[in-house]
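User: I am new to this structure and would be grateful for a close look at a single part of it. Please choose one segment and describe its setting, its neighbours and what lies on either side of it.

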Amino acid sequence: MRMGKSIKLISISIFFVFCFLFMAALPLYADIYMYIDKEGVAHFTNVPTSSAGDYRVYIRERLRKTSGTYSSERYDRYITKASKQHGVSFPLLKAIIKAESDFDPRAVSKKGALGLMQIMPKNLKYLQIADPFDPLENIMGGARYFKKLLKRFNGELSLSLAAYNAGPTVVDLYKTIPPFKETQDYVEKVLKFYYSFKHL
């Protein structure tokens, strides 16, 4: 009897181990949801709230299994194109992308910012972006926006980066990098990446 129970327990253990390994081998999914509010503003998220009633699947995607990291060189040709067209240096654009999304083209922040350069949905039309998850469109739109910030803040890089993170109105109000830890850390992080890419 004891041997029978032992065999049964071993069989159950093997079954659960097999199930675990099988589930671990399954491809991961990352769905993006969208809803349009009463004012016609589109909202995107990868974690729908509001009882999921208003949200509809915008992109249903099967992600390839990865270590969670993305190639830092994969979008260099798009960054080069945006750099030449909008007059923003290549290493700077690349540094912003690194800080914003770590080169994940499907990134969605808690605040709803989208894609490589984390564009807010309310700015998509203004920046001529039809699909925020298209790498070229996203980078071109983000470069276009950052160029406007550079002009607005007379080429002051730190202020322009702060405005990209906290919004230009807030930077106008303080006339310096706003006293927000998130923004201060963001500016420092982008500058660190910028000088790193600049000297590669």
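Analyst: **One helix and its surroundings**

In this protein, residues 24 or more positions apart account for 45% of the contacts with a separation of 6 or more. The model is a predicted one. Its secondary structure amounts to 7 helices and 3 strands, and from the N terminus on the elements follow the order α-β-β-β-α-α-α-α-α-α. Of the 200 residues in the protein, 37% are buried.

The part chosen here is helix H5, which covers residues 157-166. Because 7 of its 10 residues are buried, H5 is largely enclosed by the rest of the structure. The buried residues are Leu157, Leu159, Ser160, Leu161, Ala162, Ala163 and Tyr164. What do the buried residues of H5 pack against? Their partners are helix H3 (90-101), H4, helix H6 (168-174) and helix H7 (181-198).

Among these partners, H4 may be examined in detail. Helix H4 comprises residues 135-152, and its axis lies 9 Å from that of H5, at an angle of about 130°. With that angle, H4 counts as oblique to H5. The two helices form a right-handed crossing. On the H4 side, the contact is made by Gly142, Tyr145, Phe146, Leu149 and Leu150, while H5 contributes Leu157, Ser160, Leu161, Ala163 and Tyr164. By character, the residues of this contact comprise 8 nonpolar and 2 polar, with no charged residue. The spacing of such positions may be read against a general rule. An α-helix has 3.6 residues a turn, so residues three or four places apart point the same way.

The wider setting is the largest nonpolar core. Of its 42 residues, those that touch the most other members are Leu92, Ile96, Phe146, Leu161, Tyr164 and Val190. The elements giving two or more residues to this core are helix H2 (76-86), H3, H4, H5 and H7. Phe146 and Leu161 also take part in the contact of H4 with H5. Leaving aside residues up to four places away in sequence, Val190 touches Leu92, Ala95, Ile96, Ala99 and Leu161. Leu161 is one of the buried residues of H5.

The account now turns to the two ends of the helix. In the loop between H4 and H5 is Asn154, which has a positive phi of about 55° although it is not a glycine. Most residues other than glycine have a negative phi. Asn154 counts as exposed, because its relative accessibility is 71%. Just after H5, Gly167 takes a positive phi of about 105°.

A further residue with this backbone feature is Gln118, found in the loop between H3 and H4. Gln118 has a positive phi of about 50° and is not a glycine either. Is Gln118 buried or exposed? At 12% relative accessibility it counts as buried, whereas Asn154 counts as exposed.

Finally, helix H6 is one of the partners of the buried residues of H5, and Asp172 lies in this helix. With a relative accessibility of 32%, Asp172 counts as partly exposed. Which residues does Asp172 touch, not counting residues up to four places away in sequence? They are Arg152 and Phe153. Asp172 and Phe153 are 19 residues apart in sequence, and their C-alpha atoms are 8.8 Å apart in space.

Methods
Residues are numbered from 1 along each chain as its sequence is written. This is a predicted model: local features need pLDDT of at least 70, side-chain atom pairs count only at pLDDT 80 or more; totals for chains, interfaces and linings use all residues. Side-chain values use heavy atoms; hydrogens and water are left out. Axes are lines fitted to C-alpha atoms, for helices over the stretch in contact, and angles run from 0 to 180 degrees between N-to-C directions. Helices (H or I, at least four residues) and strands (E, at least two) are DSSP runs, numbered from the N terminus. Angles under 35 degrees count as roughly parallel, over 145 as roughly antiparallel, 65 to 115 as roughly perpendicular and the rest as oblique. A crossing is left-handed if the near helix is turned anticlockwise from the far one by less than a right angle, and right-handed if clockwise. Contact means heavy atoms within 4.5 Å. Ala, Val, Leu, Ile, Met, Phe, Trp, Tyr, Cys and Pro count as nonpolar, Asp, Glu, Lys and Arg as charged, and the others, Gly among them, as polar. Buried means under 20% relative accessible area, exposed over 50%, partly exposed in between (1.4 Å probe, protein chains only). A nonpolar core is a set of buried Ala, Val, Leu, Ile, Met, Phe, Trp, Tyr and Cys residues joined through side-chain atoms within 4.5 Å.
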